[in-house]
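Student: Please take me through one part of this structure in detail. I should like to follow the reasoning step by step.

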Amino acid sequence: MRSSAIFQSASSDSMFKMEVYIIENDILQSCTYILSKDGEAGVYLVDCGNSAPIISYLEHNDEFVKGVFLTHAHYDHIYGLNDIIERYPDLDVYASEKTFVGLEDSDLNMSYLYTDDDFELRVNKEHSIIVSDKSKTAIFGEIVDCIATPGHDVDCISYLIGISLFTGDSYNPNSPVFTKWRNSDADLAIKNEAMLSRLIVEKGLSVYPGHNIKA
């Protein structure tokens, strides 16, 4: 599934168009988003589930992965990451400090619920980029605003790129935030869900949640 976002460039007077290719994964129908820009080599991922359709997309489009933005450390959003890193070892991984802790802890990333093999991230530390609330980075020359949105879990981060908002499990227009995990905080989830909802309305954002995109 492919969509596109067109918005005024933050760095010039030109219009910026970013393509968003959507993969619905096998585990819990989580979503992986592939971000690309026409004329720019390399793509970025938001979360990383099934590696096979990602690799198929890359091969079909003669592309490679520059970086992966993780919304949180839960297994259904990260389980294909080691496969992708093995193929593209120079890619950067962007995540909160607590997410990086969770990537190396099967109890925190809950891989034990889905596989007999405990998940641990295999990434070069030089390519581990810690982001936090109000952090800014850039892709395709455009600003990525990082917004801490804990509640579903303590490590959740949302990413705003132009008018595209990638919320992971911190906001979904089709369902309330799930807050039954050990490290969930229902009050924080409600607060951040409302904050994101206001932001979406005020800025007219397109929302790309972590699950349930077809509901």
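**Cysteines and the sheet**

Tutor: In this predicted model, cysteine 48 counts as buried because its relative accessibility is 0%, and the cut-off for buried is under 20%. Does that cysteine lie within bonding reach of a partner, or too far for a bond? The closest cysteine sulfur to that of cysteine 48 belongs to cysteine 31, at 13 Å, which is too far for a bond. A disulfide would need the two sulfur atoms within 2.5 Å. The same two steps apply to cysteine 156. This residue has 2% relative accessibility and therefore also counts as buried. Its sulfur is 14 Å from the closest cysteine sulfur, that of cysteine 146, so a bond is ruled out by distance. The count for the model is 0 disulfides.

Let us now turn to the sheet. Its 5 strands form an open sheet in the order β8-β9-β10-β11-β12, and the pairing is mixed. Strands β8 (136-139) and β12 (206-209) stand at the edges; each has a single partner strand, so one side of each lacks a neighbour in the sheet. From one strand to the next, the twist averages 25°. Within this order, β10 (residues 157-161) and β11 (residues 164-168) pair in the antiparallel sense, over 3 bridges. In this pair, isoleucine 161 stands opposite serine 164 of β11. Helix α5 (residues 186-203) packs on the sheet, where the helix touches β9 (142-148), β10, β11 and β12. The direction of α5 makes about 150° with that of β9.

Methods:
Residues are numbered from 1 along each chain as its sequence is written. This is a predicted model: local features need pLDDT of at least 70, side-chain atom pairs count only at pLDDT 80 or more; totals for chains, interfaces and linings use all residues. Side-chain values use heavy atoms; hydrogens and water are left out. Two strands pair if DSSP finds at least two bridges between them. Helices (H or I, at least four residues) and strands (E, at least two) are DSSP runs, numbered from the N terminus. Axes are lines fitted to C-alpha atoms, for helices over the stretch in contact, and angles run from 0 to 180 degrees between N-to-C directions. Contact means heavy atoms within 4.5 Å. Buried means under 20% relative accessible area, exposed over 50%, partly exposed in between (1.4 Å probe, protein chains only).
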